[in-house]
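Let's sit down with a fold and talk through how to read it. Have the viewer open and follow along.

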Amino acid sequence: MADAGERGGPEARLARGRETTGYEALLAGDRAALGAALSVVEDGGEDSHRLLDRLRGRDASAQIIGVTGPPGSGKSTLVNELAVRYADQGRRVAIVAVDPTSPYTGGAVLGDRVRMNRASRHPGVFIRSAATRGLLGGVARATLDFVRTFEAVGYDPIIVETVGIGQSEVDIARIAHTAIVVEAPGLGDAVQAMKAGVLEIASVLCVNKADLPGADAKLLQMNELADRAAAYAPDWRIPVVATVASTGQGVDDLMAAIASHREHLGSTDRIRAIERVRALAEIRAALEALRVDAPLGRAERAGRLEDLANAVAARTISARDAAASVDREFAAAAYPEGRGDERA
């Protein structure tokens, strides 16, 4: 890794004038250094690679909790309560709030973070938003690297909240040890829309807003789903927990269910299998970054991507032909190492 005085290196970005190096500050728990490190990771490129390489091999035993569910189920409020309670136990808690990205500006909505008022003020909680950048699956590509970074500097647990729900939400299973699927009364047939893939990833089913009319019926429905899910995990009966996150009711029960699932994973050696799945997801994400993100970034900076998008919109070329042009002109083979494309 570059020295603090080197221009543009990750160490310089983490240091910000400190007497210690930025890396030392990061390991010592400096929140500003951690924020800078996460920005380096999110930007990608060589700085990100060097930082992650340096962090690799540090402790990676953190519990990773995924929270997913349809809009309106109160996921963010629930995550807020979980994080504060874990932090009140003296634990350092990380939240990765995956936000949808505007298709026009590329910016994240960041609504999840707004709804985590208590957690955002707690000194034991660090919240980082990650934009999906249009990806399906509700899990931002940078999320994997965020989790690795939080793990390496001692955050435990790490809570990942995803965007919405659907078949594509099974991506959370590639990251989390324990996946909580959140539902709420009054959301129509959202549960019926859950396909087998979502049931496969659920470790805990949670009925939030359980003080609303229809909660008993929703609990019965979720228990029926838990019984059906036994076909996917016969050694684990998915618990169904009722919560009212806005008041904290039932959150302790949810934490107990999470702890029970963690104990179950340890007793069955399932954690190793989950870690292998996560490793494969990281390989896939790295390959996508090299073969998709990097060429698109180069094409955009060269102004070529806008030209191709206009041509596809005007129906003068196909999207497939445009993609082939990007691959031919801007793939890694056309940009040998050292050509000054570190941001790709």
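What follows is a short dialogue about this predicted model.

Q: Before I trust anything here, what is the mean pLDDT of the chain?

A: Start with the overall confidence, then look for where it changes. The mean is 80, and 76% of the residues reach 70 or more. Confidence is highest in β7, at 97, and lowest in helix α6 (residues 111-114), at a mean of 52. Keep an eye on two stretches as well: the pLDDT is below 50 over residues 1-7, which have 13 contacts in the model beyond near neighbours in sequence. Residues 337-344 are also below 50, with 12 such contacts.

Q: Okay, how many helices and strands does the chain have?

A: There are 14 helices and 7 strands.

Q: In what order do the strands of the sheet run, and is the pairing parallel or antiparallel?

A: The general idea is that strands of a sheet pair through backbone hydrogen bonds, in either a parallel or an antiparallel way. Here you have an open sheet of 7 strands with parallel pairing, ordered β3-β2-β4-β1-β5-β6-β7. The edges are β3 (125-131) and β7 (240-242); each has a single partner strand, so one side of each has no neighbour in the sheet. From one strand to the next, the twist averages 20 degrees.

Q: Can we zoom in on one pair? Over how many bridges do β2 and β4 pair?

A: Sure. β2 (residues 93-99) and β4 (residues 158-161) pair in the parallel sense over 4 bridges. To find the register, pick out Val96: its bridge partner in β4 is Val160.

Q: Which strands does helix α8 lie across?

A: For a helix on a sheet, ask which strands lie under it and how it runs against them. Helix α8 (residues 142-152) lies across β1 (64-68), β2, β3 and β4, and runs at about 160 degrees to β3.

Q: And helix on helix: at what angle do α12 and α14 pack?

A: Check the angle and the axis distance together. Helix α12 (residues 270-301) and helix α14 (residues 319-330) pack at about 85 degrees, with axes 9 Å apart. That makes the two helices roughly perpendicular to each other. On the α12 side, the contact involves Arg291, Pro295, Leu296, Arg298 and Ala299; α14 brings Val326, Asp327 and Phe330.

Q: Last one, zooming back out: what share of the residues count as buried?

A: Of the 344 residues, 47% count as buried. The accessible surface comes to about 16,600 Å², and 50% of that belongs to carbon and sulfur atoms. Among contacts with a separation of 6 or more, 73% join residues 24 or more positions apart.

Note on methods:
Residues are numbered from 1 along each chain as its sequence is written. This is a predicted model: local features need pLDDT of at least 70, side-chain atom pairs count only at pLDDT 80 or more; totals for chains, interfaces and linings use all residues. Side-chain values use heavy atoms; hydrogens and water are left out. Two strands pair if DSSP finds at least two bridges between them. Axes are lines fitted to C-alpha atoms, for helices over the stretch in contact, and angles run from 0 to 180 degrees between N-to-C directions. Contact means heavy atoms within 4.5 Å. pLDDT is the predictor's confidence in each residue, from 0 to 100. Buried means under 20% relative accessible area, exposed over 50%, partly exposed in between (1.4 Å probe, protein chains only). Accessible areas come from the Shrake-Rupley method with a 1.4 Å probe; for residues, only the protein chains shown count as cover. Angles under 35 degrees count as roughly parallel, over 145 as roughly antiparallel, 65 to 115 as roughly perpendicular and the rest as oblique.
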